[in-house]
Amino acid sequence: QRGWVEIDLLMGNWASEAIPRMSSEELDQLEVIIAQENPNLLNWLLGHDDVPKELDNEVMRSMKKFVTDGSKDWTVGGNQ
């Protein structure tokens with residue numbers, strides 16, 4: 001838990017699905033991502049800001065896709 005309901009919801013649901021399948025390299029990428037500040041993470045995941053080049057990796061793209069794919073009621077543009 002990160003302390004922000006929005007981040008906890010988005011990242012927690014993604015993590016439940018993704019972490020069991022992740023390689024050690026992807027887990028290292030995740031560790032760097034989750035060390036970032038909450039406001040930045042939320043803006044990157046929602047597509048409000050560009051992801052910094054050093055964080056634009058497979059894990060971040062997976063998280064963003066999970067958040068914005070539209071198949072969940074709580075996602076950006078979900079079930080329209």
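In this predicted model, the axes of α1 and helix α4 (residues 58–68) come within 10 Å and cross at roughly 115°. With the range for roughly perpendicular running from 65 to 115 degrees, α1 and α4 are therefore roughly perpendicular to each other. Their crossing is right-handed. On the α1 side, the residues involved are Leu10, Met11, Asn13, Trp14 and Glu17, and these meet Val59, Ser62, Met63, Phe66 and Val67 of α4. Sorted by class, this contact of α1 with α4 comes out as 7 nonpolar, 2 polar and 1 charged residues.

Stepping back to the whole chain, there are 4 helices and 0 strands, so to speak an α-α-α-α run from the N terminus on. Of the 80 residues in the chain, 34% are buried. The chain exposes about 5,200 Å², and carbon and sulfur atoms supply 47% of that area. As for contacts with a separation of 6 or more, 48% of them in the chain come from residues 24 or more positions apart.

Back to helix α1, this time with its other packing partner described here. Helix α1 (residues 5–18) packs on helix α3 (residues 38–46) at an angle of about 50°, and the two axes are 10 Å apart. That angle makes α1 oblique to α3. The crossing of α1 and α3 is left-handed, whereas that of α1 and α4 is right-handed. From α1, the contact draws on Glu6, Ile7, Leu10 and Met11, and from α3 on Asn38, Leu41, Leu42, Leu45 and Leu46. The class count for α1 with α3 is 7 nonpolar, 1 polar and 1 charged residues. Leu10 and Met11 turn up in the contact with α3 and also in the one with α4.

Helices α3 and α4 pack against each other too, with an angle of about 70° and axes 8 Å apart. This makes α3 roughly perpendicular to α4. Here Leu41, Trp44, Leu45 and Leu46 of α3 meet Met60, Met63, Lys64, Val67 and Thr68 of α4. The residues of this contact split into 7 nonpolar, 1 polar and 1 charged. Met63 and Val67 of α4 take part here, and both are also listed in the contact of α4 with α1. On the α3 side, Leu41, Leu45 and Leu46 meet α4 and also belong to the contact with α1.

A few individual residues fill in the picture. Trp14 sits in helix α1 and, at 4% relative accessibility, counts as buried, the cut-off being under 20%. Leaving aside residues up to four places away in sequence, Trp14 touches Met22, Leu30, Val59, Ser62, Met63 and Phe66. Val59, Ser62, Met63 and Phe66 are also named on the α4 side of the contact with α1. Trp14 and Lys64 are 50 residues apart along the chain, yet their C-alpha atoms are separated by 9.4 Å.

Ile33 has its place in helix α2 (residues 24–34) and, at 0% relative accessibility, counts as buried. Not counting residues up to four places away in sequence, its contacts are Leu41, Leu55, Asn57, Val59, Met60 and Met63. Val59 lies 26 residues from Ile33 in sequence, with 8.5 Å between the two C-alpha atoms. Both Trp14 and Ile33 touch Val59 and Met63. Leu41, another contact of Ile33, is one of the α3 residues that meet α4.

Glu58, in helix α4, is a different story: at 49% relative accessibility, Glu58 counts as partly exposed, while Trp14 and Ile33 count as buried. Beyond residues up to four places away in sequence, Glu58 touches Glu26 and Gln29. Glu58 and Gln29 are 29 residues apart in sequence and 8.3 Å apart in space, C-alpha to C-alpha.

Key: Residues are numbered from 1 along each chain as its sequence is written. This is a predicted model: local features need pLDDT of at least 70, side-chain atom pairs count only at pLDDT 80 or more; totals for chains, interfaces and linings use all residues. Side-chain values use heavy atoms; hydrogens and water are left out. Axes are lines fitted to C-alpha atoms, for helices over the stretch in contact, and angles run from 0 to 180 degrees between N-to-C directions. Helices (H or I, at least four residues) and strands (E, at least two) are DSSP runs, numbered from the N terminus. Angles under 35 degrees count as roughly parallel, over 145 as roughly antiparallel, 65 to 115 as roughly perpendicular and the rest as oblique. A crossing is left-handed if the near helix is turned anticlockwise from the far one by less than a right angle, and right-handed if clockwise. Contact means heavy atoms within 4.5 Å. Ala, Val, Leu, Ile, Met, Phe, Trp, Tyr, Cys and Pro count as nonpolar, Asp, Glu, Lys and Arg as charged, and the others, Gly among them, as polar. Buried means under 20% relative accessible area, exposed over 50%, partly exposed in between (1.4 Å probe, protein chains only). Accessible areas come from the Shrake-Rupley method with a 1.4 Å probe; for residues, only the protein chains shown count as cover.
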